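Got a minute to look over a model with me? Have a look at the fold, and then we'll talk it through.

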Amino acid sequence: MVLIWKLNVFSNRFRRPKIDLPIFKLDSGKEKIFKIINRPARGIHYDVIVEQLSHLKKIIIQTVLLDGDPSNTSKEDLEAYFEKIKHIRPAEVHIYSIDR
């Protein structure tokens, strides 16, 4: 499988490029909520994103919690989210609210 997004890294041709902080967003544990919050382009599939993230090493997952309409903070939503996090096994998880 290949990642959905292509990453362009500018570097000098004699050195291998290094990404200092590989941060990826995951705002939901459920596809339905993912589609409402992120409004992905046609052809972007939630399960593929989660699976591809699980193949990456030492990544950081960044998540914003929304309590309103839409919401990703119900007990069921959070349980599904933490199951996805267990599957991905990131080095860190950063959780934010919209009130920083």
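Here are some questions and answers about this predicted model.

Q: In what order do the elements of the chain run from the N terminus on?
A: Start with the tally: the chain has 3 helices and 3 strands. Reading from the N terminus on, they come in the order β-α-α-β-α-β.

Q: What share of the contacts between residues at least 6 apart in sequence join residues at least 24 apart?
A: Take the contacts in the chain whose partners sit at least 6 apart in sequence. Those that join residues at least 24 apart make up 73%.

Q: How is α2 set against α3: roughly parallel, roughly perpendicular or oblique?
A: Helix α2 covers residues 46–54 and helix α3 covers residues 75–88, and their axes lie 8 Å apart at an angle of about 40°. An angle under 35 degrees would count as roughly parallel, and roughly perpendicular runs from 65 to 115. The angle of about 40° fits neither, so α2 is oblique to α3.

Q: How many residues of the contact of α2 with α3 are nonpolar?
A: On the α2 side you'll find Tyr 46, Val 50, Glu 51, Leu 53 and Ser 54, and on the α3 side Lys 84, His 87 and Ile 88. Of these, 2 are polar and 2 are charged, and the nonpolar ones number 4.

Q: Which element gives the most to the largest nonpolar core?
A: That core has 12 residues, including Leu 26, Phe 34, Ile 49, Ile 61 and Tyr 81. Two elements, α2 and α3, give two or more residues to the core. With 4 residues, the top contributor is α2.

Q: Which residue of the core is in contact with both Pro 22 and Glu 92?
A: Look among the core members, where Leu 53, Ile 59 and Ile 88 are all listed. Setting aside neighbours within four places in sequence, one residue has Pro 22, Phe 24, Leu 53, Ile 88, Pro 90, Ala 91 and Glu 92 as its contacts. That residue is Ile 59.

Q: Is Leu 78 buried, partly exposed or exposed?
A: Leu 78 is found in helix α3, and it touches Leu 65, Asn 72 and Thr 73, not counting residues up to four places away in sequence. Its relative accessible area is 24%. Buried means under 20% and exposed means over 50%, so Leu 78 is partly exposed.

Q: What distance separates the C-alpha atoms of Leu 78 and Lys 30?
A: Along the chain these two residues are 48 residues apart. In the model, their C-alpha atoms are separated by 9.2 Å.

Note on methods: Residues numbered from 1 in each chain as written. Predicted model: local features only at pLDDT ≥ 70, side-chain atom pairs only at ≥ 80, totals over all residues. Heavy atoms only, no water. Axes fitted to C-alpha atoms, helices over the stretch in contact; angles between N-to-C directions. Parallel < 35°, antiparallel > 145°, perpendicular 65-115°, else oblique. Contact = heavy atoms within 4.5 Å. Nonpolar A, V, L, I, M, F, W, Y, C, P; charged D, E, K, R; others polar. Core = buried A, V, L, I, M, F, W, Y, C linked by side-chain atoms within 4.5 Å. Buried < 20%, exposed > 50% of the residue type's maximum accessible area, 1.4 Å probe, protein only.
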